[in-house]
Each structure stands twice: as structure tokens, then as C-alpha cells.
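Me: Hi! I am new to this one, so could you show it to me and then take my questions in turn?

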Amino acid sequence: MNRSPYISNAPSVGSIMFKVLLALVPGIAAYVWIYGGGILVTLTLATITALAAEAAMLKLRKRPIQPFLMDYSAVVTAWLLALAIPPIAPWWLIVVGTFFAIVVAKQLYGGLGYNPFNPAMIGYAVLLISFPVLMTKWPAALQLAQTPLSFGDQLHLIFSGVLPQGVQIDAVTSATPLDYLKTQLMLKHEVGSITQAPVFGVLGGKGNEWVTGAYLLGGLYLWQQKIISWHLPTAFLAALAMISGVFWLVNPAHFASPLFHLFSGASMLCAFFIITDPVSGPTTPKGKLYFAAGVAVIAYLIRVYGGYPDGIAFAVIFMNICVPLIDAHTQPRVFGHEK
Amino acid sequence: MNAIVNIVSLFKSAKDIFPFHGGVHPPENKAQSTQLPIGQLPIPEKIVLPLRQHVGNIPKIKVSVGDYVLKGQLIAEAEGTVSAAIHGSTSGTVSAISDAIIPHPSGLPDRCITIAPDGLDKWIEKTPQDWRNAERKSLVASLRLSGIVGLGGATFPTHIKLRADGKSGVHTLVINAAECEPYITCDDMLMRERADEIVKGVAIAQYLLGAEKVMIGVEDNKPEAADALKTAINKLNAQIQVKIVPTLYPSGDARRLVHLVLGTEIPYDKRSTEVGLQVFNVATVVALYRYFELGEPSISRIVSMTGNVQKPQNFEVLFGTPMLHLVQAAGGAKANTTHFIMGGPMMGFDLPTAEVPITKAANCIIAASPTLFEQPPPAMPCIRCARCADACPVNLQPQELYWFAKSDNFEKANDYKLFDCIECGACSYVCPSDIPLVQYYRYAKSEIIALDKAKEAADLARERNDFRLARIEREKQERAQKHAERAQAGKAEAAKTETGTKAEPKIDQSDEKLNTNNGLTSGADDAKKAAIAAAIERAKALKAAAQTEATTEQKVKPEKSAPADDAAKKALIAAAIERAKAQKAAALATGNIPKNVADAAEPVKKEIAEIEARRQSVGLAEPKEAELITPNNTDAAADKQALIAAAIARAKAQKAAADAAKLAQSDIKTEKE
């Protein structure tokens, strides 16, 4: 019997996913600091839903439950989705989104390794289309809110939908910088004056730039740990910087700077955590470059011309469709073969 | 981007080493077996020499049981071009020539020559050769008798690597001393202890190839070996370049090593000689030295005995030595040893039993234990992380190949260069999902080879069958004509009571005609019937023969063509038997029955008619031998017989149809893929 090699030096799928979760921790910490503890509730709800849905589906599909729950892939999906939706949204929103992501986008396609689309992005897209209003109710950064909510208030809001006495919803939420920019541009204001608004910080949204910065940090950790290769994040960020740079150079009054785009919305999360999902992404080095650049360009175009403030989810889903094509056409030259 | 690549390649060429893509660095585990010098073993109680120790044809046995053989005596000679000779590894008596388990992944027994040593270890008369003043051509021819094969593990007969006419376009000889697999240290120890022999052997190889340049590639984890080589080169004033390559598995793969030391990428469809290069393992050149300078054929090699044994060590082992003898010499296996692995942990295989002999391919024996080699966890789904692609030294996309192999999409697997896979195991080594990737590739490769073979065989069988059918048709017509003539002659003699004598010279319609025949059989009709029956039997027999041939050939493993020939022979014999039977039946029919029927009384004829009618009613198209011979059966018996015969015929027809359908389907599948 020939069953070599007898030795292995591979981290398990579980340990890879665990490191991804670990890399998200700085971002989550910054999130809590800027927006309050509500996100922890959302994360918990998402985690429980994901694990329960995964277990139930594995049982229905007669697959071993323990090894697949312990691979943490469901938790990664849950966390990414939780970080992508407003943390003060009603509790059932994240439950519905996570449930859809795990059951439909992942398990119905065959579970780990078989989902053609990024499950978290499918969950996000479903929520955005189904509950557009709830999905835009983002909390203002605590330092900007007229009446900052305590953790208890946020918890109460999430589960009962009731704000503390005398507090209006507008007092605790605010438009995201991308959203604000979009609406103000439609009102014929110029970028220079728009960005004077309090929601804007040095790089992106005030406060939010810390969160995105922490994502960047976590991403660098993943790269250092060789969990992700440089191709996807670099190509994404470079392409986003390039396309926004071109538009910005042509008309700085109408288009925001590359730096703003890099540090706004889900850019950093996307660059290091979303498009780096190996299952739904391309495998060839060149393919990764094309894929990431494609996501960046589409996301930018949606931001600027589309109907949504951010376009990461749709861009990722669209590029997921292209993965087989990209892989097929970016096969590297095999040793001893002409190209 | 290009600028960066240029700078990097400049840097590389400055370092004089050209790295290949991928590679892995597993724990080396080499120190254990390099603590002690190369050990010698006492002569074992028996020597078992498998004939299959190399790539190619098995050699022809030149001794018989009871013969006394000397050490170094040729006991089996190379047969055909790709084959290698085998020599007695010590003096003694041939005690058996029989099948025994050989060290092969299949675990199947194969032909072996067993020698009972007499303990004298008496050499044949050694005939060293003055190779410097000899013609290359004669040296290469003499090499055919040396039994030398590639000792790196590939065991390709060495004389094939040197052109028989002594000419070659090889300008650079690369000596493979990388020894990249963990645990294995036989080449390392050989270099440390016998560097002089290596340098002398290199000179011979260089002369035989006419190579201008020689390089030895050594991994940087063997500094002692490299130093020993350099010292020997200086001492013997040889022009050999020692290239230190980084320790990275699989740098010992010939194509990878050539790239490392020369930067040359040997095209996938070319041999190294076609680009002026030749690669020899370091142990092989020592064998060359021993053969030409000392007159000793290939009878032993250095083997690393390591892993879960008390005292891991390298030994010089006579081919055919029982492996357990070697284990014993290393202090015995530790208590929790489960089995033995031949080769390294990356590309080796489980030995089917401990009762196997050491062969030319045995560079390393590892005693395995659950602590040494953990049972891999159950495989998880592929998450397309492409770590395998990063590790692949051939720059393949293992994750895609896995997908295609798993779904039996062999055409795609081929498109993605499956056959360029060297099965080094680097992909499996880094797979987070613990997928036994190499197994999938081995499976897909063997399936593709088998399908190709089957298709070839089916095409051949079809062609043969078409030819046969044409011949049968011709023979049938000739025979029918003869029968008709004879019948006519016989009828002329007979009384003129019968009517409707339609002499049909040609009988090419068979069953239909028979069925529409009325019960009143004439002599001519019977003859006709008999002839037809015989023809049908023949056709059936041939069809059966063709089918057995096709199906057996399909099952046969690619490398073993002998069983296929056997099957074909058997089928032919069966066909011949069938033919003989049919002829006998025909003879009986033509010889006896017409007369009987002709002379029979009216009631008997009536009965025959009834039988015929019944036969038609049960749908029996073909007349059976038995019925032809005894047409005057009683009703009940005939009825039953007819029914049984009909059932058998139907079953046969169904089976034949099913077989044909299966064959056709497999053909369609092959074509589709």
C-alpha cells in the first residue's frame, strides 16, 4: 500500500479559522471603544445562530457535526456578517442574516469548501435588500452622538427596539460618511465642503478610521502568519486607490480622495477578511490579483454611481461568479512547459 | 514587477543557485542514522533475489535449483533493452526459484531466486577493465552485464542512460547527492566515507558520456559530505564542481536538481539527454567504479536502517538479504513498531510484510510506530487555500487536480498536467484538510492509463472481430456450396418421390429461412440446416472469444501484458473447441440424419414436423445440436428440451448483449473523456 507522505506539517482548518477570528479582535475592540458594546451582543447572537444552524444542517445532511463545528468556519462567517451590519439593529436582523448565510449560502451548497459565494456577503445582501431601512440605521460614534447610549441602553434597544426615555432615534444614529457624501453630492455640494462635516475624520469616518486601522493591523497579522497571501489585499487596496485616485485627480470637487475610500466603509475588512475567503475566491496568484482588483473597481463604482452607499457585498458576490473563469484563465506555467 | 524579477534573478545567479517553485522543509531526522559509520552485516542464512528489482523487463534466469553459484556470478541476464542483470550476492547453492513477497507497494508475490549461502563468500574471478583505453561502445555493452541500476530509488537500468553506440550529446553530468528526503542518509554516509570512490566513479561516468562538465549537487545539511567530496576532488585532482543547494524537499528530484545547479528547465516531454544533460545518483557512480575498476558487479548497496530501531545506522547490505537481518543489526525494532516503510516518509511505501529481501531500490528502511508517524485525522473538504499550489515544485494546481481526480474528470486532469506530477507529496504535507492528495493523483493516473489500454484493446478486438466475421462469411459460403453440391448428388441417387428440390447454391439467410421452412424436411434442407447451425455455432464461439479477450484485457494492469496474452490464447482455444464441436454436429447431421429422415415412415415425419412447429412457437430460432442428432424425441422430452434450450439461448443472448452494451458504454465514456 502506497499512502505516503507519512508526515504532515499543516495547521488544521480549525486553527486557520481561529487565527482569522483572533485577527478580528483588534477591530472589534476598536469598534466597542468607538461605538459602544452593542456589537458584542450582535457578535454573540450571530455566533450562536451560526453554530446552531450549522449543527442542525449537518445533522439533516447526516454529516459528522463535531469536526465541522470545530473548524470555526461558521463563526468566521457569523463575525464578518455581524461586523457588517448596524450593531444596534433589532436582534432578529442578525439572526435572520446569519441563518440565511449558513443554511442557504453555505450548507445547501454542500457545506465547507463547496459554497461558490461568500456566505457572509450573501447574508448581508439579503438583509440589505429585505430590510434597507434597518440596515442604514448606523449608530453615531459615541463622541459624536448627542446622547451617547450606554451598553445597557444598546442591549435594551437591540432586544426591545425601545430607546431610553426622551431620546430620539436621530440622536443616536448618524449617516455613515459614505452615505453622507453621497447624499450631499446629490445636493450639488462639493467634496471639500462636505468633508468639513463632523462625521469625517482625518482618513475616513471620524472614529471609524480607528476601527478600519485595527482591521488593517489584524490583516497584517494574518499575512505574517501566512494565513493569507499578499496578493488579495494588495491588489484590492491598490486597485481601489488607483480608480478613486484617477477620479479624484480628474475632479477633486466631485470625487473623494483615495485615502478616504481606503479607510471608509468596509474597505479594510474586505481587503483582509472578506475577499480572503479561500473557498469562494480564486486560487491562482494571478487570479487573486484580478479578483481583488475586480472587487475594488465594482465596489467603487457602486459607491459613486450605485444606489447603495457601499458596494462591497455586491462586488464580492459578482466576482465570486467569475472565479471559475478567472482560475481557468490564470493557470501558472507548469515546470517544463511553455506558457 | 519585471525589474524586481530581474534583480532577484541577478541575486540568484550571483549565488549560483536557481531555486525552483515551491518545495517544503520537513524535519530532517537525519542525525539519528549518521552517528555510526557504515556497518557491515554477517552473511545471512538465505539470500532471496527478486527478478523484479528495476524498471523494465524481468531478466532471464540462467541458473536452476541445485546449482552452485559464486559471489558476483550472473544468475539472471538482462532481457530486452530495458532490463538489468542479477548476480549472486554471495556464494552458495540455488535452493529455490519460486514466488515470494517482494518489497513492492502491491504486496504481491513475484519470482525470486533463493540462494542458500555456504558462508565462504567466494568471488567469481574479477575482471577489472582498462576503461580509459577501451572503446565506449564495448564499455556500454559490458555495462549490460553489470546489473547496475539507478540507486537513488528510480532503479532505471544504467546502461540505458548511456547510448549503446557509445555516442551521446551530453555536455554536463550532474551527480545527484541532494538526498532531500527526511531520514535517508545512505548517500550522505557514502560521501563521507567513500568520496574517493565517488570521484573515481564520476570519471568513468564522464568518460562514458563524453561530458565536459561535472557538477555534484549536495544539500547544505550535509557539510561533512561536501567537505569529504571537496577533499577527494582535490586529492585526485578532478574537475568536479560541488554545488551546495539549500535544503528544500524535493531538491533531489532530477529535474529540480538540474534547475537548481544549472538553471535549466528540462522540457516536460524531453529526457535530460535531449538537452545535453545526464543525472546520476552518487551511489550509482560508486557502483560504476566498482564494476569497471574492481570487476565487481552490482551485488550490494548502502541502506539506512532508521526510525523506530534501537541503533539507527547505515549498512552495506547484500541484495537479497532478509530485511529483518538488517533490523537485527540495528539493535532490533522497538516494542511499539507497527510496520516498516521502504524509502523516506515523503515518498516511501509500507512494506507488505517484514519478510522481504533488500533490493536495489532499498535506500532506506524506516521502522514505523504510531508516535513516529501519526495516523492522519480524517480528511476535511478542500477549502481551496492553495497551500498545495504554493508547495508544488512543478507549479501544478493540486487543488484543481484533486477536484478532477475525485470527480473522475480525467480529461480535465490531463489538461491540468496531471502526468507532470512527480508524486513528491509536498501538497499532502501542507494540506490543512489532511487530504491524501497524492493518492488521488496515483488513482487518476492509473485510471487514465487503464482506460487508454482498454480503448486500445477494444479497438484491436473490434478490428480482429470484423476480420473474423468476414472470414467466417467467406467460409460459410464455401461450405454451404459444398454441402449443397453434395446434397444434390445424394438426392439424384435417391428416389424421385420428393418434390420442391430447390437447389440453393448460396445460403446467406439463416434463421429466418429455417423458421419459414415447412416441416417436411428434405435432404438438402437438412444439410443446409446443419451447415447453418454449424456456422452459427462458430460465429457464437468467435464472438464469445472476442468478448472474453476484450474484457480480460480491460482488467489487466498496464505493465503486465502476459496475462492478456494468456487470456487471448485461452479464448482462441475455446473458440477452436467450439468450432470442432460445431463441425462434429454438422458432420453428424449431414452424415446420419438425412438418411434416417428420408427413410423414416410417415408418422415419424409428422412427429418431426410437430417438433419443429413447437420449437417455433417457443421462439427458438436456432436449432440445437441435440435436436439435430436426435430428431425423433418423444413429445414431452422434446418439449422440455426445447424450452430449456430456448431459455439458455435467451440468457446467452442477453448476456452477450449486456456485455456488448457495457463495452460500448465504456468506449463511449473513453471517447467522451
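Me: Thanks! Where is B:Asn237 placed in chain B?

Reply: Happy to help, and please note that this is a predicted model, in which local features need pLDDT of at least 70, side-chain atom pairs count only at pLDDT 80 or more, and totals for chains, interfaces and linings use all residues. Residues are numbered from 1 along each chain as its sequence is written, while chains are lettered from A and ligands numbered from 1 in the order in which they are written. Helices (H or I, at least four residues) and strands (E, at least two) are DSSP runs, numbered from the N terminus. On that scheme, the place of B:Asn237 is the loop between α5 (223-235) and β11 of chain B.

Me: Is B:Asn237 buried or exposed?

Reply: A residue is buried if 20 or more other C-beta atoms lie within 10 Å of its own, exposed if 12 or fewer, and partly exposed in between, with C-beta atoms placed from the backbone. B:Asn237, which has a positive phi of about 55° although it is not a glycine, has 7 other C-beta atoms within 10 Å, so it is exposed.

Me: Which loop holds A:Lys226?

Reply: A:Lys226 is not a glycine, yet it has a positive phi of about 60°. It is exposed because 12 other C-beta atoms lie within 10 Å. Its place is the loop between α12 (208-224) and α13 (231-250) of chain A.

Me: Why does B:Glu197 count as buried?

Reply: B:Glu197 lies in helix α4 of chain B. Leaving aside neighbours within four places in sequence, it is in contact (C-beta atoms, placed from the backbone, within 7 Å) with B:Val286 and B:Tyr289. B:Glu197 counts as buried because its C-beta neighbours inside 10 Å number 21.

Me: Which helix gives the largest share of the largest nonpolar core?

Reply: A nonpolar core is a set of buried Ala, Val, Leu, Ile, Met, Phe, Trp, Tyr and Cys residues joined through C-beta atoms within 7 Å. The largest one has 258 residues, and those touching the most other members include A:Val295 and B:Leu229. Its largest share, 13 residues, comes from chain B, helix α4 (residues 186-209).

Me: Where is B:Pro250, which a cis peptide bond joins to B:Tyr249?

Reply: The bond between B:Tyr249 and B:Pro250 is cis, with omega about 0°. B:Pro250 is placed in the loop of chain B between β11 (241-245) and α6 (254-262).

Conventions:
Contact = placed C-beta atoms within 7 Å.
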